[in-house]
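Here is a set of short exercises to work through with the model open beside you. Try each task yourself before you read its solution.

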Amino acid sequence: MDAAALIQALTERFADAVRGSHAYRGDATIVISRERLLDLAGTLKDDAAFQMNFLMDLTAVDFSVFGKGPSPAFFASSGVVVRPSAELPDEHPWPGPPGPARFIVVYHFFSLPLKHRLRVEVPLEEADAELDSVTSLWAGADWLEREVWDMFGIRFRGHANLKRILMYEQFVGHPLRKDYPVNKRQPLIEPDGDASSHSR
Amino acid sequence: MSGDAAFVTSRLDEAIGWARKYSIFQYPFVTACCGMEYMATACSHYDIDRFGAGLPRFSPRQADVLFVVGTISQKMAPVLKRIYDQMAEPKWVVSFGVCTCTGGFYDNYATLMGIDTIIPVDVYIPGCPPRPEYVLDGLLKLQAKIQAQHESGRRSAREPRPELELEPWMPQR
């Protein structure tokens, strides 16, 4: 199925869940509400029309400072223009973030037999950053969901072992949130402190 | 103490310092890309053996000098502290590369801002990574420091400050 057909098929079948869709530069993308994530993921995996048996990636984006000023990072002082030039209009401009929610969790699915791919975005509010785990469908989601929890503080319901994967247990905060202070210093952990025993 | 005894002690200090500085057994604590430059320094082209530092020991119990080579993350810091604690006195620490000196350009949530926040450092060799010549220069400075030390490993009061060699383009004193 090509991008347009994928979007159309899913929009018809999950009319109540799909909040938006686009095919920016050929990548089929649908935005869905989190309540139907597991239904949709199960259909994508098991339905003969989709056969998305490969979860390529699972990550998150924090849109809290997106578009609210110049990039504070590397290019800000260098004069490099990060956004595309207005002199080169894009016939199909990027549709922008999917709504006002602070976070989105992004899933990239691929079908090895049918060779088509789909991006699923799930918007999440900051106060209630929680959604269903897909580890029951793709075991590979285990570490990816732990990474999203570690870096963004988004919880996954039904995950068997949701603890930090990159940082240590004493770490305070979630460093890829945009309000994490870039110069924040964490307390040092001692060799015989709680850090060496890998308890939760 | 009589003059003769002081003479003997100071001669003994010198002899022990001389022996120590030419028998440096290093523990290379290599975590990152500086390791390549460390290997280049340790191999035959730069012949670190002529300074008596040619035999790395991969046990902290057998090592005199801890070479911390490469970025130290917050998660690695307790491990480094434990390695340092396991080394027997007298011991010295060389901070190899700018990441171990100050954190380098990793001003972020994951990286330790210099190993001297957890263990004492004797010689800093900045650079990203430092050239082997630079490393050898640091090694010579460490040898000067070891030579100037008291036999017990205590820092001597007459420890000479390393001479800074001013290049022509630097501001002259």
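The exercises below go from whole chains to single residues and end at the contact between the chains; keep in mind that this is a predicted model.

**Exercise 1. Take stock of the two chains.**
Task: Work out how many helices and strands chain B has, and do likewise for chain A.

Solution.
- Step 1: Begin with chain B, where you should find five helices and four strands. Followed along the sequence, they give the pattern α-β-α-β-α-β-α-β-α.
- Step 2: Turn to chain A, which has three helices and seven strands. From the N terminus on, its elements run α-β-β-α-β-β-β-β-α-β.
- Step 3: Add the burial. In chain B, 40% of the 173 residues count as buried; in chain A, buried residues make up 40% of 200.
- Step 4: Look at how far contacts reach along the sequence. Among contacts in chain B between residues at least 6 apart, 74% join residues at least 24 apart. For chain A, residues 24 or more positions apart account for 60% of the contacts with a separation of 6 or more.

**Exercise 2. Place strand E4 of chain A among its partners.**
Task: Find which strands of chain A are joined to E4(A), and in which direction they run, parallel or antiparallel.

Solution.
- Step 1: Locate E4 of chain A at residues 103-110; seven of its eight residues are buried.
- Step 2: On the E3 pairing, eight bridges join strand E3 (residues 54-62) to E4(A), and the two run antiparallel. As a landmark, A:Leu55 stands opposite A:Phe109.
- Step 3: On the E5 pairing, eight bridges join E4(A) to strand E5 (residues 117-124), again antiparallel. Here A:Val105 stands opposite A:Val122.
- Step 4: Trace the connection from E4(A) to E5(A). The two strands form a hairpin with six residues between them, and A:Lys115 in the turn has a positive phi of about 60°.

**Exercise 3. Follow a salt bridge into a network.**
Task: Which residue does the side chain of A:Glu126 meet in a salt bridge, and is each partner buried or partly exposed?

Solution.
- Step 1: Find the partner. The side chain of A:Glu126 meets that of A:Arg102, at 2.8 Å from N to O.
- Step 2: Place both residues. A:Glu126 sits in the loop between E5 and strand E6 (130-132) of chain A, and A:Arg102 in the loop between E3 and E4; the pair is 24 residues apart and links distant parts of the chain.
- Step 3: Compare accessibility with the cut-off for buried, which is under 20%. A:Glu126 has 43% relative accessibility, so it counts as partly exposed. A:Arg102 has 9%, so it counts as buried.
- Step 4: Widen the view. Salt bridges that share partners join A:Asp62, A:Arg102, A:Glu126 and A:Asp179 into one network.

**Exercise 4. Explore the surroundings of B:Gln143.**
Task: Why does B:Gln143 count as buried or exposed, and which residues is it in contact with beyond its sequence neighbours?

Solution.
- Step 1: Find B:Gln143 in helix H5 (residues 132-147) of chain B.
- Step 2: Its relative accessibility is 5%, which is why B:Gln143 counts as buried.
- Step 3: Leave aside neighbours within four places in sequence, and the contacts of B:Gln143 are B:Lys21, B:Tyr22, B:Ile24 and B:Phe51.
- Step 4: Check the polar side-chain atoms: one of those in B:Gln143 lies 3.0 Å from the backbone oxygen of B:Phe51.

**Exercise 5. Describe where the chains meet.**
Task: What area is buried between chain B and chain A, and how many salt bridges cross the interface?

Solution.
- Step 1: Collect the residues: 13 from chain B and 18 from chain A take part.
- Step 2: The buried area is about 1,300 Å², with carbon and sulfur atoms giving 59% of it. On the chain B side, B:Gln74, B:Lys75 and B:Tyr109 lose the most area, together 50% of what that side buries.
- Step 3: Sort the chain B side by class, and you get six nonpolar, three polar and four charged residues.
- Step 4: Count the pairs. Zero salt bridges are found across the interface, and one residue pair is in polar contact, with both residues at pLDDT 80 or more.

Technical notes: Residues are numbered from 1 along each chain as its sequence is written. Chains are lettered from A and ligands numbered from 1 in the order in which they are written. This is a predicted model: local features need pLDDT of at least 70, side-chain atom pairs count only at pLDDT 80 or more; totals for chains, interfaces and linings use all residues. Side-chain values use heavy atoms; hydrogens and water are left out. Contact means heavy atoms within 4.5 Å. Buried area is the accessible area (1.4 Å probe) that two parts lose on being put together, summed over both. A salt bridge is a side-chain nitrogen of Lys or Arg within 4 Å of a carboxyl oxygen of Asp or Glu. A polar contact is a pair of N or O atoms within 3.5 Å; within protein, one must be able to donate a hydrogen and the other to accept it, and residues adjacent in sequence count only if both atoms are side-chain atoms. Ala, Val, Leu, Ile, Met, Phe, Trp, Tyr, Cys and Pro count as nonpolar, Asp, Glu, Lys and Arg as charged, and the others, Gly among them, as polar. Buried means under 20% relative accessible area, exposed over 50%, partly exposed in between (1.4 Å probe, protein chains only). Two strands pair if DSSP finds at least two bridges between them.
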